Amino acid sequence: MKEDKENTRPREKRVELKGEDVEKTEKPKEKKEAMTKIVIRRLPPSLTKEELEEQLQPLPEVDYLEFFSSDTSMYPHLFARAYINFKNQEDIVLFRDRFDGYVFIDNRGQEYPAIVEFAPFQKIAKKRSKKRDAKSGTIDEGDNIMLWT
């Protein structure tokens, strides 16, 4: 059976690259910044942000601390968590050594060993603006009403 030359793919040639050539052909990797944001998981569900800050004292210099209380829809996995971004990367190791496996005790006496790890998403959430929308509530004003026919 004769093959149709227009519809066949050209044969691929296999070329072996030496070690030096491989380094040159790799895509340039993006410059990675140091990971400075961590997450503390498996905190007691009844824990508040104020209680957490009190138990974490003395806390190294941080520029971001966000606390998320437990979600009741996730029963039986009711845990709180906190995200902390450190200004100095050296402080992360000291913090992890101190609080990874640290046992938090809730108001009923139950023990919750915490897990400290790097946050999967390293960016920091922007501060939400509490500015009121200038056009909010203006639909009732008669000047701007257009009638559709």
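These legends go with a set of close-up views of a predicted model.

**View 1. The whole chain, for orientation.** The protein chain has three helices and six strands, and from the N terminus on they run α-β-α-β-β-α-β-β-β. Of its 149 residues, 20% are buried. Take the contacts between residues at least 6 apart in sequence: 63% of them join residues at least 24 apart. The chain exposes about 13800 Å², with carbon and sulfur atoms supplying 50% of that.

**View 2. Lys37, a buried lysine without a salt bridge.** Lys37 sits in strand β1, which covers residues 37-43. Here's the odd bit: Lys37 is buried but makes no salt bridge, and the nearest side chain of opposite charge, Glu66, is 8.8 Å away. That doesn't count as a salt bridge because the cut-off is 4 Å from nitrogen to carboxyl oxygen. What does the side chain of Lys37 reach? It gets to the backbone oxygen of Phe121, at 3.3 Å. Leaving aside neighbours within four places in sequence, Lys37 is in contact with residues including Tyr64, Tyr83, Ile84 and Asn85. Phe118, Ala119, Phe121, Gln122 and Lys123 are also among its contacts.

**View 3. Glu117 and Arg41, a salt bridge between two strands.** A search of the whole structure turns up three salt bridges, and one of them joins the side chains of Glu117 and Arg41, at 2.4 Å from N to O. Glu117 lies in strand β6 (residues 115-118) and Arg41 in strand β1, so this pair ties together parts that are 76 residues apart in sequence. Are the two partners buried or exposed? Glu117 is partly exposed, at 33% relative accessible area, and Arg41 is also partly exposed, at 26%.

**View 4. Glu61 and Lys87, a salt bridge between two loops.** Glu61 pairs up with Lys87 in a salt bridge, and their closest N and O atoms are 3.5 Å apart. Glu61 is in the loop between α2 (49-55) and β2 (62-68), while Lys87 is in the loop between β3 (80-86) and α3 (90-99); the pair links distant parts of the chain, 26 residues apart. Glu61 counts as partly exposed at 48% relative accessibility, and Lys87 is partly exposed too, with 46%.

**View 5. Arg96 and Asp97, a salt bridge between side chains.** The side chains of Arg96 and Asp97 meet at 2.8 Å, N to O. How do the two stand in terms of exposure: buried, partly exposed or exposed? Arg96 is partly exposed at 38% relative accessibility, whereas Asp97 counts as exposed at 52%.

**View 6. Phe68 and Tyr83, an edge-to-face pair.** The count of aromatic pairs comes to six. One of them is Phe68 with Tyr83, an edge-to-face pair with 5.7 Å centre to centre and 85° between the planes. Phe68 lies in strand β2 and Tyr83 in strand β3, so the two rings tie together parts 15 residues apart in sequence. Phe68 is partly exposed at 31% relative accessibility, whereas Tyr83 is buried at 15%. Tyr83 also turns up in View 2, as one of the contacts of Lys37.

**View 7. Tyr102 and Phe104, and the ring cluster.** The ring centres of Tyr102 and Phe104 are 4.9 Å apart and their planes are at 70°, so this pair is edge-to-face. Tyr102 is partly exposed at 33% relative accessibility, but Phe104 is buried, with just 1%. Which residues do ring pairs link into a cluster? They are Phe86, Phe95, Phe99, Tyr102 and Phe104.

Methods:
Residues are numbered from 1 along each chain as its sequence is written. This is a predicted model: local features need pLDDT of at least 70, side-chain atom pairs count only at pLDDT 80 or more; totals for chains, interfaces and linings use all residues. Side-chain values use heavy atoms; hydrogens and water are left out. Helices (H or I, at least four residues) and strands (E, at least two) are DSSP runs, numbered from the N terminus. Buried means under 20% relative accessible area, exposed over 50%, partly exposed in between (1.4 Å probe, protein chains only). Lys and Arg count as positive and Asp and Glu as negative; His and the chain ends are not counted. A polar contact is a pair of N or O atoms within 3.5 Å; within protein, one must be able to donate a hydrogen and the other to accept it, and residues adjacent in sequence count only if both atoms are side-chain atoms. Contact means heavy atoms within 4.5 Å. Accessible areas come from the Shrake-Rupley method with a 1.4 Å probe; for residues, only the protein chains shown count as cover. Rings of Phe, Tyr and Trp (its six-membered ring) pair if their centres lie within 6.5 Å; planes under 30 degrees apart count as stacked, over 60 as edge-to-face and the rest as tilted.
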